[in-house]
Amino acid sequence: MTDPTPHQSAVTVSLQHLNNDKVEFSSLEEAFGPSSLGILVVKDLPEQFHSLRRRLLSYSSALASLPKDELEKLESPAAKWLVGWSLGKETLKDGRYDTLKGSYYVNCSPLFPGQQATVAEKYPSFPEYTAPNVWPSKDLLPDFENTFNELCTLIIDIAALVARACDKYAEANIPEYKKGYLEHVVKTSVSTKARLLHYFPKEGEANQDGDEDDWCATHLDHGCLTGLTSAMFIDEGAHPPQTGSYFAPLNELDRSPDPKAGLYIHSRTGAVTKVGIPRDCLGFQTGEALEIITKGKFKAVPHFVRGAGAGVGGKVARNTLAIFTQPNLWDMVDDKRDFAAFAKEIVEKNH
């Protein structure tokens with residue numbers, strides 16, 4: 001099977017260059033500017049990233065394999081299913097409920113536990129951002145919570161470096177831009193949200209007539225920067241996920257057995273382009289809040305995920321992690337709206 005879709009390499013920078021403020025403005029424009037794909041890849045990550053990624057993305061399959069009654073204990077209807085386990089609650093396309101993937105949402109800022117009660121009292125109508133996190137029993141998924149928190153903290157720290165580079169560009173190119181604004185948002189926000197995703201294996205016969213964006217409809221992220229791991233493809237038929245004391249990181253396929261599966265971006269010219277994030281790297285995408293904050297200098301990127309076709313290469317699931325760095329609910333995104341008002345418009349549209 002061949003894939004005729006255009007592929008394009010994302011702009012890539014090293015973590016060391018970010019640390020040392022050596023990223024050129026031209027690289028940021030190429031990654032995030034008006035004619036860009038809206039994604040920057042960061043390489044040369046800390047050694048612990050690789051084991052944390054493999055372990056957490058393996059947990060995604062283990063979590064989704066739990067009995068229905070256990071998963072229901074992890075749901076938070078009061079938080080609009082934007083804390084804990086969510087399956088079939090989100091409407092994405094043509095009003096259909098999304099049953100092709102399960103999500104596990106966590107308010108993942110390291111600052112969140114210490115401020116949760118205060119923020120919940122201040123914003124009683126925003127439980128999706130203020131409700132306490134829920135975690136599976138350690139008997140079912142040992143070390144899931146620790147692994148989740150460690151990987152999220154690492155990604156947020158790197159997002160802060162990307163934000164610092166964006167700030168330096170914005171300070172030089174946008175009149176009256178508030179110095180260090182984006183880095184401050186990423187470092188201090190308690191609204192940052194993590195979404196661990198499990199795209200279920202497709203059942204049945206191969207079907208050539210499915211929608212392109214069958215696994216995740218075309219959308220914009222509504223935060224500032226979205227940190228993305230590369231996807232882990234797992235043949236759950238050959239390697240069924242285990243829970244409890246039997247849990248172990250799963251064997252990862254070298255690539256999806258279906259070359260059409262993966263992340264797709266609608267480029268500024270309207271072309272649909274497939275973009276790969278190497279396994280040992282992180283990707284950072286631009287969201288709607290960043291486009292507003294930078295007065296359009298950096299553009300939010302429409303994107304979707306296409307699944308492995310049914311009957312292609314076994315019972316293949318796709319697992320990944322997205323970290324949505326977002327302003328605090330009280331931070332202003334433009335002259336009229338704080339992030340609370342902005343986010344409410346988005347959530348009501350999708351749920």
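Start your tour at Pro240, which is partly exposed, with a relative accessible area of 43%. That value falls between the 20% limit for buried and the 50% limit for exposed, so Pro240 gets the label in between. Keep in mind as you go that this is a predicted model.

**Stop 1: around Pro240**

With Pro240 selected, colour by secondary structure: Pro240 sits in the loop that joins strand S10 (232–235) to S11. Now add Lys315 to the selection. Pro240 and Lys315 are 75 residues apart in sequence, and their C-alpha atoms are 9.7 Å apart in space.

**Stop 2: the whole chain**

Zoom out for a moment. The protein has 10 helices and 15 strands. Of its 351 residues, 54% count as buried. Turn on the surface if you like: the accessible area is about 15,400 Å², and carbon and sulfur atoms account for 49% of it. How much of the contact count comes from residues 24 or more positions apart? Among contacts with a separation of 6 or more, such pairs make up 78%.

**Stop 3: the largest pocket**

Next, select Ser230, Ala231, Gly262, Leu263 and Arg318. The largest pocket holds about 580 Å³ of space, and these five are the closest to its centre among the 37 residues that line it.

Now show the strands around the pocket. Those that each give at least two residues to the lining are S7 (193–199), S8 (216–219), S9 (225–229), S11 (262–266), S12 (272–275), S14 (303–306) and S15 (316–325). Which element gives the largest share of the lining? That is S15, with 4 residues. Colour the lining by residue class and you will find 16 nonpolar, 10 polar and 11 charged residues.

**Stop 4: Arg306 on strand S14**

Stay with the strands and pick Arg306, which lies in S14. Is this arginine buried or exposed? Arg306 counts as buried, because its relative accessibility is 17% and the cut-off for buried is under 20%. Draw a distance from the C-alpha of Arg306 to that of Ala261: the two are separated by 4.9 Å, although they are 45 residues apart along the chain.

**Stop 5: the nonpolar cores**

Hide the surface and select Phe32, Val42, Tyr104, Phe148, Val162 and Leu321. These are the residues with the most contacts inside the largest nonpolar core, which has 78 residues. Show helix H7 (residues 144–173) as well, since this helix gives the most to the core, with 17 residues.

Centre the view on Val42. Setting aside neighbours within four places in sequence, Val42 is in contact with Val13, Ser14, Leu15, Leu18, Ile158, Val162, Cys281, Leu282 and Phe284. Another core lies apart from the largest one; it has 16 residues, including Val41, Leu197, Leu263 and Cys281.

**Stop 6: Ala79**

Move on to Ala79, in the loop between helix H4 (68–73) and strand S3 (84–87). Ala79 counts as buried because its relative accessibility is 0%. What does Ala79 touch beyond its neighbours within four places in sequence? Select Pro127, Glu128 and Ala131 to see these contacts. The C-alpha atoms of Ala79 and Ala131 are 6.5 Å apart, with their positions 52 residues apart along the chain.

**Stop 7: two residues with positive phi**

Two loop residues deserve a look at their backbone. The first pick is Asp44, between strand S2 (39–43) and helix H3 (47–64). Its phi is near 60 degrees, a positive value in a residue other than glycine. Asp44 counts as exposed, because its relative accessibility is 53% and the cut-off is over 50%.

Then go to Lys295, in the loop between helix H9 (288–293) and S14. Lys295 is not a glycine either, yet its phi is positive, at about 55 degrees. With a relative accessible area of 63%, Lys295 is exposed.

**Last stop: Gly114**

Finish on helix H5 (residues 112–122), where you will find Gly114. Is Gly114 buried or exposed? Gly114 is exposed, with a relative accessible area of 71%. Add Val190 to the view: its C-alpha atom is 9.5 Å from that of Gly114, and the two residues are 76 apart along the chain.

Notes: Residues are numbered from 1 along each chain as its sequence is written. This is a predicted model: local features need pLDDT of at least 70, side-chain atom pairs count only at pLDDT 80 or more; totals for chains, interfaces and linings use all residues. Side-chain values use heavy atoms; hydrogens and water are left out. Buried means under 20% relative accessible area, exposed over 50%, partly exposed in between (1.4 Å probe, protein chains only). Contact means heavy atoms within 4.5 Å. Accessible areas come from the Shrake-Rupley method with a 1.4 Å probe; for residues, only the protein chains shown count as cover. On a 1 Å grid over the protein atoms alone, a cavity is a set of points where a 1.4 Å probe fits but cannot get out, and a pocket is an open set with protein on both sides within 12 Å along at least five of seven lines; lining residues have an atom within 4 Å of a point. Grid points are joined across faces, edges and corners, and a volume is the space filled by probe spheres set on the points. Ala, Val, Leu, Ile, Met, Phe, Trp, Tyr, Cys and Pro count as nonpolar, Asp, Glu, Lys and Arg as charged, and the others, Gly among them, as polar. A nonpolar core is a set of buried Ala, Val, Leu, Ile, Met, Phe, Trp, Tyr and Cys residues joined through side-chain atoms within 4.5 Å.
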